[in-house]
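Here is a friendly walk through one protein model, meant to be read with the structure open beside you. Please keep the viewer ready for the residues as they come up.

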Amino acid sequence: HFQYPPKAEIKMVRCITGEVFDVMVDLRKNSPTFLKWHGEILSAENLKLLFIPEGFAHGFLVTSESAEFIYKTTDYWYPEYEHSLHWNDPEIGIHWPLDIQPIISAKDESASALELIETFE
């Protein structure tokens, strides 16, 4: 998920109970890491906090029985500016730590393929 300008946002995320595999994808056309992804295990045990810059898509997979996840953002949620990149887009090639087929929300299942996403300048 991400928000387009003028409501693009920076996020800081942390898992406070359980564990998640957290991923960000660089959607900034002029970046040397354009369309590259980075994933981190965030958990109540490791206390890691992840900074997600403006212009990045962000998503996560709960890898424990349950998890609580907190966000700090630089702006409010504006549904009219929000967009989603499909979690399993083959052009991005995220290596999700999956043993079974995940449970995907209807919103995430209907997300756009990369070819339909307007990237950031």
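The report below goes from open pockets to an enclosed cavity, then to salt bridges, a surface patch and some backbone details.

This is a predicted model, in which local features need pLDDT of at least 70 and side-chain atom pairs count only at pLDDT 80 or more, while totals for chains, interfaces and linings use all residues. Residues are numbered from 1 along each chain as its sequence is written, and side-chain values use heavy atoms, with hydrogens and water left out.

**Pockets and the cavity**

Rolling a probe the size of a water molecule over the atoms shows where empty space is left. On a 1 Å grid over the protein atoms alone, a pocket is an open set of points with protein on both sides within 12 Å along at least five of seven lines, whereas a cavity is a set where a 1.4 Å probe fits but cannot get out; lining residues have an atom within 4 Å of a point. Points are joined across faces, edges and corners, and a volume is the space filled by probe spheres set on them.

The largest pocket has a volume of about 670 Å³. Its lining counts 31 residues, and F60, L61, W87, W96 and I104 are the closest to the centre. Two elements, β3 (19-26) and β6 (56-62), give two or more residues to this lining, and the largest share, six residues, comes from β6. Strands here are DSSP runs of E with at least two residues, and helices are runs of H or I with at least four, numbered from the N terminus.

Next comes the second largest pocket, at about 170 Å³. Of the 13 residues that line this pocket, E9, K11, Y71, W77 and E82 lie nearest its centre. Both β1 (2-3) and β7 (68-73) supply at least two lining residues.

The structure also holds one cavity of 30 Å³ or more, and about 50 Å³ of space lies in the largest cavity. Its lining is made of F2, Q3, A8, E9, K11, I52, P53, E54, G55 and F56.

The table sorts each lining by class. Ala, Val, Leu, Ile, Met, Phe, Trp, Tyr, Cys and Pro count as nonpolar, Asp, Glu, Lys and Arg as charged, and the others, Gly among them, as polar.

| Lining | Nonpolar | Polar | Charged |
|---|---|---|---|
| Largest pocket | 20 residues | eight residues | three residues |
| Second largest pocket | four residues | four residues | five residues |
| Largest cavity | five residues | two residues | three residues |

**Salt bridges**

How many salt bridges does the structure hold? There are four, each being a side-chain nitrogen of Lys or Arg within 4 Å of a carboxyl oxygen of Asp or Glu.

K29 pairs with E121, with the closest N and O atoms 3.1 Å apart. Because K29 lies in the loop between β3 and β4 and E121 in the segment after α1 (106-109), this pair ties together parts that are 92 residues apart in sequence. K29 is partly exposed at 40% relative accessible area, and E121 is exposed at 70%. By these terms, buried means under 20% relative accessible area, exposed over 50%, and partly exposed in between (1.4 Å probe, protein chains only).

K107 and E82 form another bridge, with N and O 2.9 Å apart at the closest. K107 lies in helix α1 and E82 in strand β8 (residues 82-83), so the pair links parts 25 residues apart in sequence. E82 is also one of the residues nearest the centre of the second largest pocket. E40 and K48 meet in a salt bridge too, at 3.0 Å from N to O.

**A nonpolar patch**

M12, L49 and F51 make a nonpolar surface patch of about 280 Å². Patches are made of residues with over 30% relative accessible area and no salt bridge; like charges are joined within 9 Å, nonpolar side chains (Val, Leu, Ile, Met, Phe, Trp, Tyr) within 5 Å. Accessible areas come from the Shrake-Rupley method with a 1.4 Å probe, and for residues only the protein chains shown count as cover. F51 lies in strand β5 (residues 49-52) and is partly exposed, at 45%.

**Backbone details**

A cis peptide bond joins P5 and P6, with omega about 15 degrees; P6 sits in the loop between β1 and β2 (11-17). L35 is not a glycine, although its phi is positive, at about 70 degrees. L35 is found in the loop between β3 and β4 (37-43). L47 also has a positive phi, near 60 degrees, and its place is in the loop between β4 and β5.
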